[in-house]
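Thanks, everyone, for making the time this morning. I would like to walk you through one model, beginning with how its chains meet and then turning to one chain in more detail.

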Amino acid sequence: MTKQNDIELVNVTKVYGKTVAVNDVSLAVTRGEFLTLLGPSGCGKTTALRIIAGFIQPTHGAIYIKGELMTDIPPYRRNTGMVFQNYALFPHMTAFDNIAFGLRMRRTPENEIKSRVQESFELIGLTGYENRYPRQLSGGEQQRVALARALVIEPSVLLLDEPLSNLDLKLRQKMRLEIKRIQEKTKITTIYVTHDQEEALVMSDRLALMNKGRIMQTGSPSDIYEFPRNKFVADFIGQTNFLAGKVVSMNESKVSIQLDNGLSLEASRSVIDHHSTKITEQLNVAVSIRPQKVKIVKGQPSKDLRNTFAGRVEDVEYVGSRVKYHINLFDGMGIVAEEVLFGSPNYRVEDQVFIILPPEDCLLVSTD
Amino acid sequence: MSFLRKNPYLLIAPGLTVLIFFLIALFSLGILSFYTFVRGKLWVPTFTLENYWKFLSDPFYLNYLWVTIRISGECTLIALFLSYPVAYLLARVKSTIVTGIILTLAIISNFTNTVVILYAWLLSLSDTGIVNGLLLSLGLISHPLRLTYNEFAVVIAMVYWVLPFTIFSLVGAIQNIDPSLEHAAQSLGANKIRTFLKVTLPLSIPGIVAAVLLSFLGEITSFVIPMVMGGGRFGFVSNLIYDKIINTANFPFGSTASMILLAVTMFIGYGINKLLMEKAVS
Amino acid sequence: MIPRLIAAFTVFLLALPLILSVVISFSPGQLTFPLTGFSLRWYEPLFSRRDFASSLGVSLVVGTIASAISLGIGIPASLVLVRQRFKGREVIQVLFLSPLAIPAVVVGVSLLDVFVMVGVSDPLTRLLTGHVIITLPYVVRVISASLEGFDRQVEEAAMNLGADEFRTFQKITLPLMKSAIVAAIIFAFQTSFNDISVSIFLVGTTFTTLPLVLLTWTYKYFDPSIAAASGLIIGSITILLIITEKLVGIDKLMGAFRVVT
């Protein structure tokens with residue numbers, strides 16, 4: 001554990017009876033970093049967060065906060081600041097007292113409390129709301145008070161458990177930026193839990209994608225989006241096409257795949273090496289390519305372009321600023337291509353088209 | 001949280017002590033029911049079934065049981081009949097004022113001392129009381145009816161006492177009946193009476209069972225009401241128990257009668273509960 | 001139409017004795033309705049008959065102490081019963097509510113039995129024990145119900161901010177249980193204060209409770225002084241309800257009433 005890491009989870013596992021909620025998770029968060037635990041419901045992200053906060057004892061493994069072993073330390077001595085999904089504001093206390101609570105527990109002198117809490121109200125933009133009770137605040141306001149309450153104690157790490165899921169869309173988008181702004185201003189190490197991938201992509205310095213208790217991939221938002229390492233990640237973030245097939249041969253510049261329907265495909269070797277799990281010959285794989293990378297042309301493409309296939313438009317999805325074409329390659333294999341729209345769609349249902357899958361945009365994920 | 005986890009028994013201990021004492025009390029009740037009564041002494045420790053035999057074979061004592069059950073049954077029926085309309089209106093009416101008034105009345109009648117309420121009833125039911133006064137002035141009778149210190153008085157007072165419980169048992173059940181079911185029935189051609197009989201009433205059966213259970217059990221174990229309103233000419237099992245224990249100091253027999261009352265109560269409670277469960281399953 | 005008539009009749013029936021006893025307590029002499037005059041003469045025996053004051057004292061003292069004991073026992077017990085899984089939990093839950101299932105007379109007789117067998121003759125001890133036993137189930141029921149709907153996250157938030165278990169209980173849990181505690185106090189006290197069937201087996205010759213004294217009055221005197229006593233009590237209850245409303249809000253009290261019935 002280097003001193004740069006504010007949080008470290010080392011082989012943390014949590015078992016409930018027969019269910020493994022968190023499965024051998026190891027993770028390090030550096031100082032000032034905004035890391036998001038992302039995944040579907042039940043993937044273990046909230047459990048992991050609560051283990052860090054101290055509400056859950058791991059079955060195996062260790063937790064370090066600022067280099068100190070915290071596994072057996074109760075939550076009230078970990079100096080973490082948590083924002084709960086339902087805000088959990090104390091209903092019988094004013095907003096001021098809510099925020100002051102942590103400071104009072106630390107026996108901070110009252111005049112210092114007063115000034116620090118006042119600053120908090122300014123930070124979250126709610127000056128003047130000090131004497132309001134939680135029931136007198138809107139959802140967004142409560143959320144901000146909850147955030148201030150966690151921040152004012154200057155914790156080692158800020159933990160947020162899906163804080164925006166109870167807000168409506170517009171408010172959520174606004175609050176995302178608010179939280180990010182505050183985090184950048186205070187430079188506090190932050191772990192954020194959500195199932196909303198857009199939120200995760202917008203806010204995070206780094207993402208850790210979880211599924212069934214395991215971490216599937218960690219990386220920056222663009223890393224994860226552009227180069228998903230396995231099927232789950234590719235499927236969870238954004239949309240992707242999967243074409244099932246088998247690796248036929250490899251050389252220094254390219255990997256040849258035969259798809260299940262007989263068509264041949266080429267993927268660029270450098271991309272594969274850099275971003276996939278190890279690819280060997282005869283490996284069963286799925287070729288993953290984002291709809292935005294699939295090119296559609298009307299006429300027969302030139303012979304020196306790789307991975308060109310004929311197909312027929314089965315469906316056109318008009319999404320306002322973009323259009324999605326569902327195309328059937330011969331033999332039933334389908335592919336989705338997405339284009340930015342200027343005006344009306346270029347192709348219609350039943351149009352015969354050609355698609356091009358650029359080799360450098362074809363990622364491979366092992367399906368073995 | 002971990003404090004709770006580590007020693008739950010510590011926090012439960014005082015409560016358990018009290019309850020274990022209570023269990024011991026019930027146990028001693030059982031023991032005494034098998035002792036013999038001897039005048040002059042409190043009792044003689046033996047094991048005999050003579051008290052049980054005495055109670056269960058003598059029609060004089062069995063009659064207490066019968067009177068208790070019969071009158072309680074009458075009261076439950078009357079209370080059900082009176083409380084259903086109130087419960088229905090309460091369940092369907094949106095006005096909080098009405099609900100508030102009835103709730104307040106129910107609470108006050110529950111909190112006011114039974115003796116005081118019985119006194120008020122005795123006055124109301126007396127020869128010069130309001131009930132007779134009303135009936136006389138309406139010309140329904142020519143001279144006052146004997147309404148006090150008899151079975152009628154007991155029934156009225158017990159129904160009064162039990163009403164808040166039956167009303168609220170029913171309100172809960174009726175509120176759970178979706179009004180649109182009744183509307184649906186009416187739109188299909190059922191008039192109000194048939195809607196009630198075919199839709200509302202059957203669906204409110206859990207509430208009725210709860211109301212019956214609550215009121216009947218309360219009535220058969222009742223003590224003060226039969227004592228004061230009955231004028232001493234008859235009584236419930238509880239009154240018999242009181243008489244034996246306090247007046248005759250016959251603890252064994254009194255304990256036996258108590259055990260029998262307890263058994264009847266448990267049996268009926270368990271029985272009706274089981275009925276409820278079976279109805280719920282089907 | 002008919003249901004409404006029945007309903008109106010029932011409501012009238014409910015109100016009758018309450019209104020009547022208040023009215024009668026001010027009657028000058030004739031026990032008729034409507035009143036022929038207004039007089040406080042029937043309040044006088046409340047002061048002159050010594051058994052009123054002494055039994056009132058007993059009822060208040062026993063009610064207060066028994067309620068306090070029940071709270072002291074019932075709150076921790078409810079906490080454990082609702083929040084902890086441990087061996088025998090379901091059985092103990094039933095056990096705590098069991099006095100409600102036993103007929104009051106049987107409770108009284110069984111306690112008298114054991115007291116005589118064990119040799120406890122002091123009426124105060126007997127009464128206190130009996131009253132704790134009959135009030136405890138109400139306390140546990142009301143408090144447990146409130147704890148079951150309790151949002152634990154607020155407690156977690158407190159712990160996250162630095163409050164240990166005791167401080168969290170003191171500063172967060174307890175204040176948020178306030179209305180349930182008030183309801184529990186009211187039900188416990190009321191059950192104790194009004195009890196007859198259990199107390200009648202546990203009182204001493206001079207050490208007795210108010211309801212029992214009023215009971216003897218219906219035999220000995222049978223006059224509006226009984227109504228006066230009720231007038232006094234109803235007046236006090238009304239004031240109590242008003243205070244409670246200011247403290248806690250009447251809807252919480254109503255809700256609590258429904259839980260218990």
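Of the two pairs of chains that are in contact here, it is chains B and C that share the most contacts, and I should say at once that this is a predicted model, to be read as such. Chain A and chain B, on the other hand, do not touch, and the nearest C-alpha atoms of these two chains are 9 Å apart.

Let me turn to the contact between chain C and chain A, to which chain C brings 15 residues and chain A brings 17 residues. On the side of chain C that touches chain A, the elements giving two or more residues are helix 7, which covers 152-160, and helix 8, which covers 165-176, both of chain C. Which of the elements gives the most to this side of chain C? That is helix 7 of chain C, with seven residues. Sorted by class, the side of chain C that touches chain A consists of nine nonpolar, three polar and three charged residues.

Now to chain C as a whole, which has twelve helices and zero strands, so that, by the way helices and strands are assigned, its pattern along the sequence reads α-α-α-α-α-α-α-α-α-α-α-α. Taken along the principal axes, the C-alpha atoms of chain C fill a box of roughly 70 × 55 × 40 Å. Of the 261 residues in chain C, 47% are buried, and among the contacts in chain C with a separation of 6 or more, 75% are between residues 24 or more positions apart.

Key
Residues are numbered from 1 along each chain as its sequence is written. Chains are lettered from A and ligands numbered from 1 in the order in which they are written. This is a predicted model: local features need pLDDT of at least 70, side-chain atom pairs count only at pLDDT 80 or more; totals for chains, interfaces and linings use all residues. Two residues are in contact if their C-beta atoms, placed from the backbone, lie within 7 Å. Helices (H or I, at least four residues) and strands (E, at least two) are DSSP runs, numbered from the N terminus. Ala, Val, Leu, Ile, Met, Phe, Trp, Tyr, Cys and Pro count as nonpolar, Asp, Glu, Lys and Arg as charged, and the others, Gly among them, as polar. A residue is buried if 20 or more other C-beta atoms lie within 10 Å of its own, exposed if 12 or fewer, and partly exposed in between; C-beta atoms are placed from the backbone.
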